[in-house]
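Me: I've got a model open and I'd like to learn how to read the charged side chains in it. Can you walk me through?

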Amino acid sequence: MKAIVLNGFGDVSNFSFDEVDRPSFQEDQLLIRIKSAAFNPIDYQMRLGWRESRLMTSPILGREFSGVVEAVGKGVTGFSVGDEVIAASGSRGSNGTYAEYIAVTSKVVAHKPAALSFEAAAAIPSSGLTAFQAFRRMGMKASDSVFIAGGSGAVGRFLIKLLFADGVRKVVSTAGSEQSAGVLRAVGLEASCILDYRSEGLAEQLLAVNKGEFDFVVDLAGGQITETAAEVLKTNGTYVDITFLGTQRSREILFDRGDMILNISNYAYMLKNELGGYGEALQEISDRISSGGIAAPEVHVVGELGLGTVQEAHRLMESGALNGKKLVMRM
């Protein structure tokens, strides 16, 4: 099969377009022909050899996809040859998703929303599962308020949609450009609830918009804004950390206020080999999209499976030039 292979940590020149063996599959696995693969920041972080690279099990990167079942292991139920599926394969696949085929346990696979294209469906699993984990663990009431730092990205948009569908309306977020603000308006935020993260006196503005401290804060940005986020969270509030990029001062503020920190790590259960929840949660997300309860992410198709497509996607992710859309590659 054709695949994009990483030959060493470093810049995008370390990728090559190769012919490799098609994977075999085990009794509990599905062999899937990938129709579209999505790109995630963890991909370029792995390429650079950062902390996330310890999760690599194949020199073929990529962790989520949509596709068609080609073969079914004899121990698998619930799937048949020809089924259209989606998955966040993470590090559990035979290889990454920058390839034509993957073998992966059926426990992390869900049926694709029938009305969606393969390109749109490929953007669901990783951001959807991360947002869904945060949504479930937060357990917000309709009367609660939340500040989402950096809500215009894929996870933020998914989370906002889930909160709105559940009746939570007191949602405030930040944006760094008119384009990002437009993305947030498109998912339903009022213009008055979207603040420029570069503004002086941002904490005071946030408190004024919310008419007081927030019950929850979600960090999707990291860095300096985590200090502002900590400052506007109430005593004994809940800080949802999805970046692991807080500062020493933000940690001090949270400790001094006795706030609870929820660490959201989508791969946490995979590290303990507890896989069943992935497919179940992903199927619930897929069903919600099929029923119209929430909308699928917007995508930008970078190109077909090829060296130039992968290199360009990595450049766009590293520069932050995503324009509020998930990057995908068509096979």
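**Reading charged side chains**

Reply: Sure. Keep in mind that this is a predicted model. Let's start with a polar contact: the side chains of glutamate 227 and arginine 249 make one, at 3.4 Å.

Me: Where is glutamate 227 found?

Reply: Look at helix α7, which covers residues 225-231. Glutamate 227 is part of that helix.

Me: Is glutamate 227 buried or exposed?

Reply: The general idea is to compare relative accessible area with a cut-off, and buried means under 20%. Glutamate 227 has 11% relative accessibility, so it counts as buried.

Me: Which residues does glutamate 227 touch, leaving out those up to four places away in sequence?

Reply: Thr247, Arg249, Ser250 and Ile253. You've already met Arg249 as the polar contact partner.

Me: On to salt bridges. How many does a search of the whole structure find?

Reply: For a salt bridge, you look for a side-chain nitrogen of Lys or Arg within 4 Å of a carboxyl oxygen of Asp or Glu. Here the search turns up 16. One of them pairs glutamate 27 with lysine 74, with 3.7 Å between the closest N and O atoms. That pair links distant parts of the chain, 47 residues apart: glutamate 27 sits in the loop between β2 (15-19) and β3 (29-38), and lysine 74 in the loop between β4 (65-72) and β5 (84-87).

Me: Why does glutamate 27 count as partly exposed, and why is lysine 74 exposed?

Reply: Exposed means over 50%, and partly exposed falls between the two cut-offs. Glutamate 27 has 48% relative accessibility, so it counts as partly exposed. Lysine 74 is exposed because its relative accessible area is 72%.

Me: What about glutamate 84 and lysine 112?

Reply: Their side chains meet in a salt bridge, 3.2 Å from N to O. Glutamate 84 is in strand β5 and lysine 112 in the loop between β7 (109-111) and α2 (118-122), so this pair ties together parts 28 residues apart in sequence. Check each partner on its own, too: glutamate 84 is partly exposed at 35%, while lysine 112 counts as buried at 8%.

Me: Which residue does aspartate 196 meet in a salt bridge?

Reply: Arginine 198, at 3.0 Å from N to O. Aspartate 196 counts as partly exposed at 30%, and arginine 198 is exposed at 51%.

Me: Which residues do salt bridges with shared partners join into one network?

Reply: Try selecting Glu119, Glu304 and Arg330 together; salt bridges that share partners join these residues into one network.

Methods: Residues numbered from 1 in each chain as written. Predicted model: local features only at pLDDT ≥ 70, side-chain atom pairs only at ≥ 80, totals over all residues. Heavy atoms only, no water. Helix = DSSP H or I, 4+ residues; strand = E, 2+ residues; numbered from the N terminus. Buried < 20%, exposed > 50% of the residue type's maximum accessible area, 1.4 Å probe, protein only. Polar contact = N/O pair within 3.5 Å; in protein donor to acceptor, adjacent residues only side chain to side chain. Contact = heavy atoms within 4.5 Å.
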